[in-house]
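The following exercises concern chain contacts, helix packing and the surroundings of a single residue. Please consult the sequence and the coordinates while working through them.

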Amino acid sequence: MKARIAAAPYLLWAALFIVVPMGLVGYYALTDMNGGFTLDNFVQGMRFAPVIGSSVWLAIIATALCLAIAYPLAYLISRKSANTQRTLVLLVMLPMWMNFLLRTYAWMTLLENNGVINRLLGMIGLGPYEMINTQGAVVLGMVYNYLPFMILPLYSVMTKIEPSLIEAATDLGCSPGETLRQVVLPLSLPGIATGITMVFVPSVSTFVISVMLGGGSFMLIGDLIEMQFLGNAYNPNLGAALSLVLMVILLVCMALTDMFHNPEEKEGLLL
Amino acid sequence: MDRTILRRMAAFLCLAALLAANGFACFAGDSFDLDRDNLPYTGDWDAYTYDEEYYGQLRGQGASINFYNWGEYISDGSDDLIDVISEFEDLTDIKVYYTNFATNEELYAKLKSGAASYDVIIPSDYMIARMIKEDMLLPLDYDNIPNAKYMNEGFMDPNYDPGSVYSLPYAWNTVAIIYNTSMVEEEPDSWGILWDETYAGQILMFNNSRDAFGVALKYLGYSLNTEDPDQLREAAELLKEQKPLVQAYVMDQMFDKMENNEAAIATYYAGDALLIDNDDIDIVIPKEGTNKFVDAICIPASAKNKLGAEMFINFLNEPVVNAQNIEYIGYGTANLAAYCLLDEELRDDPVLYPSQEILDNSEMFVNLSDEANLLLDQLWTEVKASNKNVMIWGILPCATIAAIVIGKTWYRRRTAKRHRYMMED
């Protein structure tokens, strides 16, 4: 009973700021401009399928790259002494102290045709390379901005792996590769799942990165939704429908990563 | 009247008086959309003061107005120009709460949602038409806006607001081609240069559907306001054709990119482009004509202090205030008396006050029907999503993921089996 009273403010909060807005999104998605019920918004939304497809595709690539970069890094950090760990984690966090837009803007200056990188390359007689306004630049922006969200959960899971477990595996004749596959990887799966969710979700819904680094040539679902609200055809109904589609995509993604969490299995491993 | 204001105005007015004495030399050029037979205001500038009685109406009542405007779109006291808002506050004792929006659509969405109430807003032409249609504006009471008499007749009774019932022009401008003379050989005179393959990868294009389609439609010789699906589709095809040549679709980022010689050619609003800090930059208005746009002052239906709002509108059209304000903004003014007060250099600027011929070819946006707007946005999305290259390099990371997932399933099965054995043992 006491617990229920203590939970009341949070329930109220959740109701006001999560359930009500979700309800509004649902309401707008299922009505037309005059408030009548319609599924037309979803039919119209389907015409933008290529945009949705390419958003998901770019987000998958960015997430995979993040995982590939973050996994070894998180493992290395977690094997250092406590002091070094603190410093390294701080370094990972450091860019996040700066505003997201500023960081992305900085990449613009770096990648431009007359930007810092091309000018440096020019000094040693290379380039100029076309870097900005490409899909690669968009992915780079996603990876750079969301990498800490992958490193941190991986790191926090990996610090909990006892060195003695790895030693035991080696003692019992595991090669380093086998140790990784049979001990470290299974134990870090929850971290991988969290990391994937935390990178994939913002990547698939981003819209500033594609405008700034993609030169506006690669429309993502985030841009599309923004266009419905702030674009020429003010169409919140279609925007809400697209948001719902985005939510479903994210739900599916989270359900998929949830497969990694299997409490029974983990118990079995730790036995 | 506040003495300091008087003194500050005096110097300015002396100059104005000189100009006025010169028999309106300011109308010597033929580059302004004017009815020259009907000579404007011929008052005595020296004796010009604010109407104390009129502006004092709401004094001491704690009155306030909410003013919603574009960013950096009113003189704020920098560059020795007038600080319009604080001057108005001193004069009338009305507190002005000033906030900014970035696009007409943002303004519209904010008003439509009813989330906030404003007394004075400055939307653009087509948005005004839309707001009038949706009953979102209040008619202006011209008895409270005596300075409306200074307006250039050519700007009254516009197609977006027949009879100027709801709006009074604030500033006007055109869409132009901005180019870098060190990168572009000949002076462009047509929108066609935006489709010239010589400049592939050097072109910056508008990143909003209406302006981008406006350029394509004008190049095709159609009206900016066409609702004909075939013409719109033709324009979309043209934009798709242009896409490989376009370096980026931008709005504000244009400034940085043109300043740093990142691109050779861009499309933007002429008055803004004058601010680019690069000596090689030149601006030209194409012969096919362009989009002439007017931002006008309106009072939304949710206004709480209509009289205060009208006093503010009147104050913005005090010739001295208007002239300094327009100098800050860098657009053209529709206030004739203020135009006379401007520096000759500004008055004769072919970019700010283009020739009659160009203006005749130019059009203002009107509000399109919902269907046309939907089609426009959809075609624009098609343009933006077109000719996407399949990223071959993306296959590797994807394969990695697939491998992880497959390996994972296999692993899970094995451990589950092992676990069972362990339990059995």
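Three exercises with worked solutions follow; the model is predicted.

**Exercise 1.** Determine how many residues of chain A are in contact with chain B, and which helix of chain A gives the most to that side.

*Solution.* Begin with the totals: 34 residues of chain A are in contact with 38 residues of chain B. Next, assign the chain A side to helices: α3 (49-78), α11 (221-230) and α13 (263-270) of chain A each supply at least two residues. Of the residues on this side, nine come from α3(A), which gives the most. Finally, sort the side of chain A that touches chain B by class: 19 residues are nonpolar, twelve polar and three charged.

**Exercise 2.** Classify the packing of α3(A) against α7(A) by angle and handedness.

*Solution.* Helix α7 of chain A spans residues 135-158, and its axis lies 7 Å from that of α3(A), at an angle of about 40 degrees. Angles under 35 degrees would count as roughly parallel, and 65 to 115 as roughly perpendicular. The two helices α3(A) and α7(A) are therefore oblique to each other. The crossing of α3(A) with α7(A) is right-handed. By class, their contact has 24 nonpolar, two polar and no charged residues.

**Exercise 3.** Establish whether B:Trp70 is buried, exposed or partly exposed, and which residues B:Trp70 touches.

*Solution.* Locate B:Trp70 in strand β1 (residues 64-70) of chain B. Around B:Trp70, 19 other C-beta atoms lie within 10 Å. A buried residue needs 20 or more, and an exposed one has 12 or fewer; B:Trp70 is therefore partly exposed. Leaving out residues up to four places away in sequence, B:Trp70 touches B:Asn100, B:Phe101 and B:Ile122. As for B:Thr103, its C-alpha is 7.6 Å from that of B:Trp70, with the two residues 33 apart in sequence.

Technical notes. Residues numbered from 1 in each chain as written. Chains lettered and ligands numbered in written order. Predicted model: local features only at pLDDT ≥ 70, side-chain atom pairs only at ≥ 80, totals over all residues. Contact = placed C-beta atoms within 7 Å. Helix = DSSP H or I, 4+ residues; strand = E, 2+ residues; numbered from the N terminus. Nonpolar A, V, L, I, M, F, W, Y, C, P; charged D, E, K, R; others polar. Axes fitted to C-alpha atoms, helices over the stretch in contact; angles between N-to-C directions. Parallel < 35°, antiparallel > 145°, perpendicular 65-115°, else oblique. Left-handed = near helix turned anticlockwise from the far one by under 90°.
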